[in-house]
Amino acid sequence: MGNRADEYGTDVEIYRKALTPTIHADTPTGAPEKLLGLLDRLGLERQEVRTAGPVYIWHEVPEHLDAAEQKRLASRAIPALLMAGYKVNCTPEVFDEAAYQQAVCEIRSGQTRPVAHSPATPAAPARPAPPRRTP
């Protein structure tokens with residue numbers, strides 16, 4: 001099983017799988033859960049094949065979307081991945097410039113929040129609210 005991200009030394013390779021309508025987003029073997037989770041949150045569907053050796057994980061654009069919407073979803077994911085510090089390649093055949101630019105504008109205007117690549121600081125433990133007293 002080939003993996004384009006391993007082959008090209010990137011964090012995410014977005015491309016149309018040969019002879020199919022499926023848009024793939026390959027990540028390197030052993031990619032961190034943080035990257036995989038970000039792809040999940042961006043609307044790509046995680047796929048997995050377990051073997052006796054490595055576990056192969058990749059993402060696909062949902063196949064229930066029409067072809068144009070698939071390209072838009074893949075292209076809109078790129079700015080968030082870049083803002084999170086990941087190296088991304090996308091083949092021209094699946095890249096939608098307008099969708100990419102719209103996502104960039106939304107990030108710049110604060111309409112969407114990019115996910116940070118650096119480790120998050122742990123949240124403070126929640127304290128239970130004091131009991132309410134009723135007269």
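Below are legends for a few close-up views of this predicted model.

Before you zoom in: residues count from 1 along each chain as its sequence is written, and side-chain values use heavy atoms, leaving out hydrogens and water. Because the model is predicted, local features need pLDDT of at least 70 and side-chain atom pairs count only at pLDDT 80 or more, while totals for chains, interfaces and linings use all residues.

**View A. Strand 2 and its neighbours.** Strand 2 (residues 23-26) pairs antiparallel with strand 1 (residues 12-16) over four bridges; helices (H or I, at least four residues) and strands (E, at least two) are DSSP runs, numbered from the N terminus, and pairing takes at least two DSSP bridges between two strands. Strand 4 (residues 55-60) also runs antiparallel to strand 2, with three bridges. Look for His-24: its bridge partner in strand 1 is Tyr-15, and in strand 4 it stands opposite Glu-60.

**View B. Both faces of strand 2.** Ile-23 and Ala-25 sit on one side, His-24 and Asp-26 on the other, and all are buried (under 20% relative accessible area; exposed is over 50%, partly exposed in between, with a 1.4 Å probe and protein chains only).

**View C. Arg-46 and its acidic partners.** Here Arg-46 makes salt bridges (a Lys or Arg side-chain nitrogen within 4 Å of an Asp or Glu carboxyl oxygen) with Glu-33 at 2.8 Å and with Asp-40 at 2.5 Å, closest N to O. Arg-46 lies in strand 3 (residues 45-50) and Glu-33 in helix 2 (residues 33-41), so their contact ties together parts 13 residues apart in sequence. Arg-46 is partly exposed at 29%, and so is Asp-40 at 30%.
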